[in-house]
Amino acid sequence: MAARSALAILAALSLAIGGCASQEQPATQPSPGGSATSGTTIKEGLKIAFLPKQVNNPYFDTSDNKGGKPAVEEFKGAYSQTGPSEASPSAQVSYINTLSQQGTDVIVVSANDKDAICGALTEARQAGAKVVTYDSDTNPTCRDLFINQASAEGIAASQIKLISDAVGPDGGEIAILSATANATNQNAWIEMMKTELGKPEYAKLKLVTTVYGDDDDQKSFQEAQGLLASYPNLKGIISPTTVGVAAAARYLSGSEYKGKVQLTGLGTPNQMRAYVKDDTVKSFALWNPADLGYLAAYAGAALASGLITGKEGETFTAGKLGEYTVGKDGTVLLGDPFVFDKGNIDTFDF
Amino acid sequence: MRGVVRGLSSWEAVVVIALVVVVAVGALAIEGVASPRFWRFVSLEVIPIALIALPMTLVIITGEIDLSVASVLGLTCATMGQLWVWGVTSLPLLIAAALLLGALLGAVNGLFVTGFGLPSLAVTIGTLALYRGLAYVILGDRAVADYPPEWASAAIAPIPGLTIPWMIIVVAVLAAGFGVVLHATPIGRGLYAMGNNAEAARFTGISVRRTTFWLFVATGAMSALAGVFWTLRYASARADNGNGLELAVIAAVLLGGVSIFGGRGRLAGVLAAVLLLGTLRNALQLADVPANTLTIITGSLLIVSVVGPNVVVKLRARKDRSWQRGVPWRFSPR
Amino acid sequence: MTTTLARSASRRLRQESSRLFVIRELGIVAALTLLVVVTTIVNPRFLTSQGIKDLLLGSTILAILAVGQTVVVITRNVDLSAGSVLGLSAFATGSLFVAAPGLPIPVAVVAGVLLGAACGAVNGGLIAAVQVPSLVVTLGTLYVFRGIDYTWASGRQINAADMPGAFLSMGNTTPVMTMFAIVVLVAAGYYLRAFRSGRELYAIGSHPDAARLAGIPVGRRVLAAFVVSGALAGLAGVLYAARFGTLDANAGTGLELNVVAAVVVGGVAIFGGSGSVYGAAIGALLLTTIGSALPALGVSPFWQRASVGALILAAIGLDRALAVRLARTLRSGR
């Protein structure tokens, strides 16, 4: 019995990955009203649901309600955001099941666990939903597309350059304050940062440790505190997570280390504004989460309309963001991270 | 109104009626509740809660409590994950190791409570932290997820011809077992006696200490079984598996009419409450009720579960008294 | 039971128990000292002025919560909603500053305390009026208050830039924050020791029925205890906002476990009737110190939770051993 259901899953998978073109007959008929803004043949009335790691998280509020929602409105779909109030994979599974039952056309999800939600996603795809991951990916076999906010190379290069500029030509010890130790994206970035540090121009920077703040404000704060207690010669901290970098900035700003220990990372302008202005932080980077949600919505709609199937090399148009190409392993790259500093931070509000 | 109150012979009846109402209203008003898939998802979600609620009912009836159950589940998952990493690939062996570990962790709770005479509330708050902490020590933030996919599909496979997972049969058999012990054996009567008055229970001939000890062992083993199911279903062993599940379990047991002070409650009420909470949650989710509102509803139900029976008892007491007053020939000392 | 003892025996009981009580508190102080000394030897930077500042700031909030919890636990109750009340009050404080940027800081403090007191009144009201177990009611309000917080915040976050600089620097200045904790601690300690109504809280916790027969207004006292606990959680929320600056609806999630742990480690009996706010405050300081000592010692932070669990078990074991000794001394002295 187990073997049979495994076979069924396999069959469904191969259908979903390979054989979509013939199934998606209706999609190729242009809808009579047309979606004026994009000029593509995205179907009208698609039900697109965003399932963040947890609701009540400002980052996902921006990506979903300020990015995904306008995009879905542009192509006249039905937008919704739902999800658990705590970031746990099992709670997310329950919501995937609900969305699948509701006949959602596209589930846009940021995975709390790479594998734990796979079974539910597979079941949802068997029931006809398209699955797009954003922010945090699942196993590539469990989804149709992953919208990558920035390539690991791009993030790593920008983070190391920012900390190197901030610390100055003399270099010194640096540390990383990460989110959770099994966050796929964080670990990929940290690996790339280590590679980047091997370059001759960064020879004077020495990475001494990586600590984990679990994307919890208080824990990150305490870890930042612990770093300075443990490494007296620390010159800089990189925190490639919005929660971590804000917590570390707050700690530094209120401590004797302000201005002496440099900090950079991935943060949001609203959270970091105070610390950029009081010179705790010289510069930091991020992609625009609203753009991420916007692109994810368009990618999902393109899938559900049969314009693309998620194969490498396919292209689609994402409204105001322009044309995107599906890369290796069904990944779509949003772009290079953007650097915020004292000069430009006031022009952003998210 | 009075007639309704009198008609409800017990709190369990209230819960069962509430379950029926929720199912009926849900099926009529919310698209999807009547579908077989809905019941498949509800079953999958309530299985771990039901598994732990069975022994927890007995524990609370004796006047004790075990807050460490979700941490036992987490530590079981972590251990299974680590054993798998070390190369233990036989599923029966992994399950046996998990159940043994669960029983052992339960025995530690039981030993602290019966051997040293410590309050179970304080002991299991301690082991809640300790066991969860050990799970983190073992796995850290790693997730072990490379189990054979057949295991996951086997764990959630439906009963042939139905959509309901076969694990429900396991739950039903275990529920029957616990029900018989509680309601049809001298041991069960002893458990109620312990909850009402531990001193008196000693005179009924049962060993209070030994019974309490074995109840904690059983709770540990059942939590471990829930952990096995959790690991297989999500195909992912993480240290934070089932974090906070103890609250869901205790909420179900209390909503089911078991008194937190012991001595009162029936297994049927608890099972109805487990189903009620699971159905309500999934039905409201389908109706697009946000998670934040669900949190408020869960809490309110818990409060109702203790306030409700008290109010019912008080209303009935007042009614009885007014009946007495209404009969003129009955002598009233007042 | 003390009521049946002769006056001299009662005095001896008091002397003996206060001696053991001192031993008990010295025990935690010794554990704390040992931890600090060892950590400082391994990592001299642990006790720099910045290190001490971080420790004191870190323990202020937990200590204030622990004082409130002690007042409740002494009456044989528990307030599990403290973390949620803190979260609600912290978010309310932030929102207040967003709505009225020029608001004087004392007004914000008072508003937070009042909001907390109102939450405490809901808890205490339900418990005192309907006579339902506090464990269940506050477990319910843990969800309800958090759900209200979630719904209110609905994904918004309040940032440091939204709050006045003077308020934030208050939260990061050692003397001010520590002063809050010390004032609360001394006031509560003095009240519990010197006031009749304070002593009555112990009587209620030792034997609620006897307290009622002795004419103590049990319901009113318990209600007051919960209002105090809520108000202190509200104050802790304001201080949390000042210290951490970034606020979303998750502030203080899961903190109730640490608070109960601090209280239990501090020697307050979970079933009421004994313990002091000073012990609880030292317990809070010890837990906070463990939190910062482990990273400074280079121990994996994953051990933190496990060590807290082990500490709870050790503390209740020690309490039990001391209680047994006390009973034996009294018996032999008679």
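This is a guided tour of a predicted model with chains A, B and C, moving from confidence to domains to interfaces.

**Stop 1: colour by pLDDT**

Start with chain C. Its pLDDT averages 87, and 93% of the residues score at least 70. Now select residues 1-5 of chain C. There the pLDDT is below 50, and the stretch has three contacts in the model beyond near neighbours in sequence.

Go to chain B. The mean pLDDT is 87, with 92% of its residues at 70 or more. Pick out helix H1 of chain B, residues 2-7. Confidence in chain B is lowest here, at a mean of 44. Then jump to helix H5 of chain B, residues 91-115, where confidence in the chain is highest, at 96.

Two stretches of chain B deserve a selection of their own. Over residues 1-8 of chain B, pLDDT stays under 50, and the model has seven contacts for them beyond four places in sequence. Over residues 322-334 of chain B, the pLDDT is also below 50. That second stretch has one contact beyond near neighbours in sequence.

Finish with chain A. Its mean pLDDT is 84, and 88% of its residues reach 70 or more. Select residues 1-39 of chain A: pLDDT stays under 50 throughout. The model still has 43 contacts for this stretch beyond four places in sequence. Helix H2 of chain A, residues 20-23, has the lowest confidence in chain A, at a mean of 36. For the other extreme, select strand S3 of chain A, residues 106-109, at 96.

Keep one caution for the rest of the tour. Where pLDDT is low, the predicted coordinates should not be read in detail.

**Stop 2: split chain A into domains**

Give chain A two colours. Domain 1 takes residues 25-149 + 289-335, and domain 2 takes 152-286. The C-alpha centres of these two domains of chain A lie 31 Å apart.

Next, show the contacts between them. Six residues of domain 1 of chain A touch four residues of domain 2 of chain A. The two domains of chain A bury about 440 Å² between them, with 53% of it on carbon and sulfur atoms. Select Tyr59(A), Lys114(A) and Gln149(A). Within domain 1 of chain A, these residues lose the most area to domain 2 of chain A, together 50% of what that side buries.

What does the residue mix look like on the side of domain 1 of chain A that touches domain 2 of chain A? One residue is nonpolar, two are polar and three are charged. Look for salt bridges between the two domains of chain A, and the count is zero. Residue pairs in polar contact across this interface also number zero, taking both residues at pLDDT 80 or more.

**Stop 3: chain B against chain A**

Hide chain C. The contact takes 32 residues from chain B and 29 residues from chain A. Chain B and chain A bury about 2400 Å² between them, 48% of it on carbon and sulfur atoms.

How many salt bridges cross from chain B to chain A? There are two. Zoom in on Arg40(B) and Glu123(A), whose side chains meet in a salt bridge at 3.5 Å, N to O. Polar contacts join 10 residue pairs across this interface, both residues at pLDDT 80 or more.

Now display the helices on the chain B side. H3 (36-61), H7 (149-156), H11 (208-234), H13 (267-286) and H14 (291-326) of chain B each supply at least two residues. H3(B) gives the most, with five residues. By type, the side of chain B that touches chain A divides into 15 nonpolar, eight polar and nine charged residues.

**Stop 4: chain C against chain B**

Bring chain C back and hide chain A. Here 33 residues of chain C contact 42 residues of chain B. Chain C and chain B bury about 3400 Å² between them, 83% of it on carbon and sulfur atoms. Salt bridges between chain C and chain B number zero. Two residue pairs are in polar contact across this interface, both residues at pLDDT 80 or more.

Select H4 (105-130), H5 (134-153), H11 (255-265) and H13 (303-333) of chain C. Each supplies at least two residues of the side of chain C that touches chain B. The largest share of that side, 12 residues, comes from H5(C).

End by colouring this side of chain C by residue type. The side of chain C that touches chain B holds 24 nonpolar, seven polar and two charged residues.

Key. Residues numbered from 1 in each chain as written. Chains lettered and ligands numbered in written order. Heavy atoms only, no water. Domains from an automatic or database assignment. Contact = heavy atoms within 4.5 Å. Buried area = accessible area lost by both parts, 1.4 Å probe. Salt bridge = Lys/Arg side-chain N within 4 Å of Asp/Glu carboxyl O. Polar contact = N/O pair within 3.5 Å; in protein donor to acceptor, adjacent residues only side chain to side chain. Nonpolar A, V, L, I, M, F, W, Y, C, P; charged D, E, K, R; others polar. Helix = DSSP H or I, 4+ residues; strand = E, 2+ residues; numbered from the N terminus. pLDDT = per-residue confidence, 0-100.
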